[in-house]
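Dear colleague,

Please find below the structure that I promised to pass on to you. My notes on it follow directly after.

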Amino acid sequence: MSTIANITVEPAPDNPSVQIIHLSGEVDESNLPDFEQAVKPLVLDPSRKVLLFDFDGLKFISSKVIGQFAYLYTTLAHSQRQLVLARMDENIKDIFALVGLDQIIPTYPDVNTALQSFNQTPAAA
Amino acid sequence: MKFLRDSLTKKALFLFTLLVGALVGGAVMLFREQVEAVSVNLFLGSFVGLLVLLFLLFLFDVVVPLRRVARQVRNLLTGKAYHRIDPMTIDEIGMFTHFFNEITKDLEKISYDVKERRRMSSELDIAAQIQRDVLPKEAPMAPGLDIVAKTRSAAEVGGDSFDFLQSPDGNQTFIYIGDVTGHGVPAGLVMVMVDTLIHAAVSMGLASSKDVLVHTNAMLTPRISARLFMTLVMLRWDASSQKMYYTGGGHEHVLVYKSKEEKVESIRSGGIALGMIPDNSKIIAEKEIPLELGDAIVLYTDGLTEAKNQSGEMYGLERMTASLKKYGYLPSAESIFDHMTQDFSKFVGEYVQVDDTTMIVIKYTGKDAGGKMKLAIAADESRVPNAEWGWGS
């Protein structure tokens, strides 16, 4: 049975170059293609300077999905764009911290704080 | 006419009706002509003529189409060449002809799939053997250390790996355990690449585990998909000073059993996984693990801590830590390993393994105790229920 995730995208209220991607449910190999499809147009559009993932409601991600975030970070960084994460629960935070992604991808406790950060240039990889 | 042609029964009924009609019609005609007697010749001739007509109809409408199908079915069953048949009728025999054509089309596809699967399975066996050949069979002596290591793949080709390497001057022993995202052939390929790069880095004489991982990561990252990565933790044993160091690459915890306090320290390996960013030098660091005689270190992959039992419960870090605390006092790495894996096997029961599992146990026996290393790779034991694992036996 396929895992269910809810993915919705909206521009930030006062800045269309910032896209907020709300992710909830669970994301693993079974629905990773849906996740990739939802995010792909944003990655390909150079006018989207910041992709801000709101993890409120996300309960689980698998290691393959972690790899996807590493890919997103690297791809965006190559074109001077940013990946930012917000509202991760302890389990998700732990998974990112274990593999060390929290060392390169900025994470914030809430969306508003995250929105204020995107003016900084991404750390060189 | 299609109404009649699509069924043998209808055809038979039609012919019967025709026959009866012909007989009745003939009788009526004779009656009208007031013929009281019919010559034998006329009667026989009419009868035989009718029979011949019926025979010819039966021959071309039933026997010939049926024989055509039967011949090809016989060829199929006896392994001879067969071919598609063009249906002559649209009745039941025509339906069987279509059925034969469809079945043989599917059989050809299935046969191709089976051959293709056999070929792929054979190539997977070769890939699995290549991977097993990469894993260490014997290891250099590490005076003071007693080591046991075992790995088990969930698929023919796994993503877990470990290795033991000695520096060119013989004084440093590097021990690492790693886990590539996912499993199967892509993970296996990355695992082989990493092992090769680590060997190259150590043979260059790089002094610390951090330097080895920085070099390995720099060579690896541009060569693999950005979605793939390998978590890893590397130990470095300095034989002359009898000190142990570690560098983390986003891997699981390092468990250290402290024999004096009889407790377990769970150290986050830290760092960042290999393959995520080209330059990890500012994120990873080599640190010392203070060791005293009788202490033990356990390295493992998440296939162990994330293994589930029938109730869906995960084994977890807490259970692993508790198990090491219970058995860490045992005098040999092998005895610690066997008891810990017995605990693990009891917990997971017969739940089928879905991830690769690897564990290394290192017991600090002291400088004068000599070193021995025992290694085992669970070759081609994929899909074996956990209860049958020989880890503890």
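Helices (H or I, at least four residues) and strands (E, at least two) are taken here as DSSP runs, numbered from the N terminus. This is a predicted model, in which local features need pLDDT of at least 70 and side-chain atom pairs count only at pLDDT 80 or more, while totals for chains, interfaces and linings use all residues. Residues are numbered from 1 along each chain as its sequence is written, and chains are lettered from A and ligands numbered from 1 in the order in which they are written.

I begin with α3(A), which is followed by A:Gly100, a residue with a positive phi near 95°. Within α3(A), the residues A:Phe96, A:Leu98 and A:Val99 are buried (20 or more other C-beta atoms within 10 Å of the residue's own, against 12 or fewer for exposed and partly exposed in between, with C-beta atoms placed from the backbone). Seen down the helix axis, the buried residues of α3(A) fall within an arc of 160°, so they line one face of the helix; the arc is that of the directions from the helix axis to the C-beta atoms. The face turned away from that buried side carries the exposed A:Glu90 and A:Asp94. The cover over the buried residues includes α2 of chain A and β4 (230-238) of chain B.

Between the chains, 15 residues of chain A are in contact with 16 residues of chain B, contact meaning C-beta atoms, placed from the backbone, that lie within 7 Å. On the chain A side, α2 (63-78) and α3 (90-99) each supply at least two residues, and the largest share, eight residues, comes from α2(A).

With best regards

Notes:
Two residues are in contact if their C-beta atoms, placed from the backbone, lie within 7 Å.
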